[in-house]
Amino acid sequence: MSRTKTAETIENVEFPSFDASKATDQIRAFAEKGVEQSKEAYAKLKTGAEETQKALESTYETAKTVSGDLSLKTIAALRANAEAGFSHLEALIGAKSLSEVVELQTAFLRKRVEMTVEQAKDFQAVASKAAEDVSKPIKTAFEKAVKDIKAA
């Protein structure tokens, strides 16, 4: 009895058929979707790399310009310091008394301190502007990248 029941059960069971054309279509669709996603990812990567390159080039040019400005500012300060020193030396040579030498030296030192403070302020202003200008392209590129990531 158990053999006939088993035979009947086996005859009544249907196995699902495997349709290869549907599987092929699904695999093709999956592959096409993967290729499309890869193309999109490559395009985004390429755009990001180009933007980064532009930002770095801009930063380099800005740094070069700022470096030139700082160099010119340094040369001008050194020139002013040298001229002040030579003028003071000439004044000391022409001094008639010790009291005049002390007076000239006191005035010179006071002017040197004032000039040094003024030069330090100028350098600080130029250096602050330089740092801001040099970092601006990178900062802008970073903010854009963060914005793009949030949008995605």
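**View 1. The lining of the largest pocket mixes seven nonpolar, three polar and four charged residues.** The model shown here is predicted. In total, 14 residues line this largest pocket. Gly 48, Glu 51, Lys 144, Ala 145 and Asp 148 lie nearest its centre. The volume of the largest pocket is about 360 Å³. Helix 3 supplies the largest share of the lining, seven residues. Helix 2 (20-93) and helix 3 each give at least two residues to the lining. Domain 1 (24-93) and domain 2 (96-151) each contribute at least three lining residues.

**View 2. Lys 44 and Asp 148 are 9.9 Å apart in space, C-alpha to C-alpha.** Along the sequence, 104 residues separate Lys 44 from Asp 148. Lys 44 belongs to helix 2. Is Lys 44 buried or exposed? Lys 44 is exposed, because its relative accessible area is 61%, and the cut-off for exposed is over 50%. Asp 148 is among the residues nearest the centre of the largest pocket.

**View 3. The second largest pocket holds about 170 Å³ of space.** Its lining consists of Ala 84, Ser 87, His 88, Ala 91, Leu 104, Ala 107, Phe 108, Lys 111, Arg 112 and Met 115. Helix 2 and helix 3 are the elements that give two or more residues to this lining. Which helix gives the most to the lining of the second largest pocket? Helix 3 does, with six residues. By class, the lining of the second largest pocket has six nonpolar, two polar and two charged residues. Domain 1 (24-93) and domain 2 (96-151) both provide lining residues, so the second largest pocket lies between them.

**View 4. Gly 85 and Phe 108 are 8.6 Å apart in space, C-alpha to C-alpha.** In sequence, Gly 85 and Phe 108 are 23 residues apart. Gly 85 sits in helix 2. Gly 85 is partly exposed, because its relative accessible area is 26%, and partly exposed covers values between the 20% and 50% cut-offs. Phe 108, by contrast, is buried in helix 3. Phe 108 also lines the second largest pocket.

**View 5. Helix 3 bends by about 40° at Lys 136.** A proline, Pro 137, follows within four residues of Lys 136. Pro 137 is buried, as are Phe 108, Arg 112, Gln 119 and Ala 130 of helix 3. Of these, Phe 108 and Arg 112 appear in the lining of the second largest pocket. An α-helix has 3.6 residues a turn, so residues three or four places apart point the same way.

**View 6. Helix 3 covers residues 98-151, a run of 54 residues.** How far apart are the end C-alpha atoms of helix 3? They are 77 Å apart. At 1.5 Å a residue, helix 3 should span 80 Å, so the distance agrees with the expected span.

**View 7. The protein chain has three helices and zero strands.** Read along the sequence, the pattern is α-α-α. The chain holds 152 residues, and buried residues make up 9% of them. Phe 108, Arg 112, Gln 119, Ala 130 and Pro 137 of helix 3 are buried.

Methods. Residues numbered from 1 in each chain as written. Predicted model: local features only at pLDDT ≥ 70, side-chain atom pairs only at ≥ 80, totals over all residues. Heavy atoms only, no water. Expected span 1.5 Å × (residues − 1). Bend = angle between axes of the 7 residues up to and from the residue. Buried < 20%, exposed > 50% of the residue type's maximum accessible area, 1.4 Å probe, protein only. 1 Å grid on protein atoms, 1.4 Å probe; cavity = no way out; pocket = protein on both sides within 12 Å on 5 of 7 lines; lining within 4 Å. Points joined across faces, edges and corners; volume = space filled by probe spheres on them. Nonpolar A, V, L, I, M, F, W, Y, C, P; charged D, E, K, R; others polar. Domains from an automatic or database assignment.
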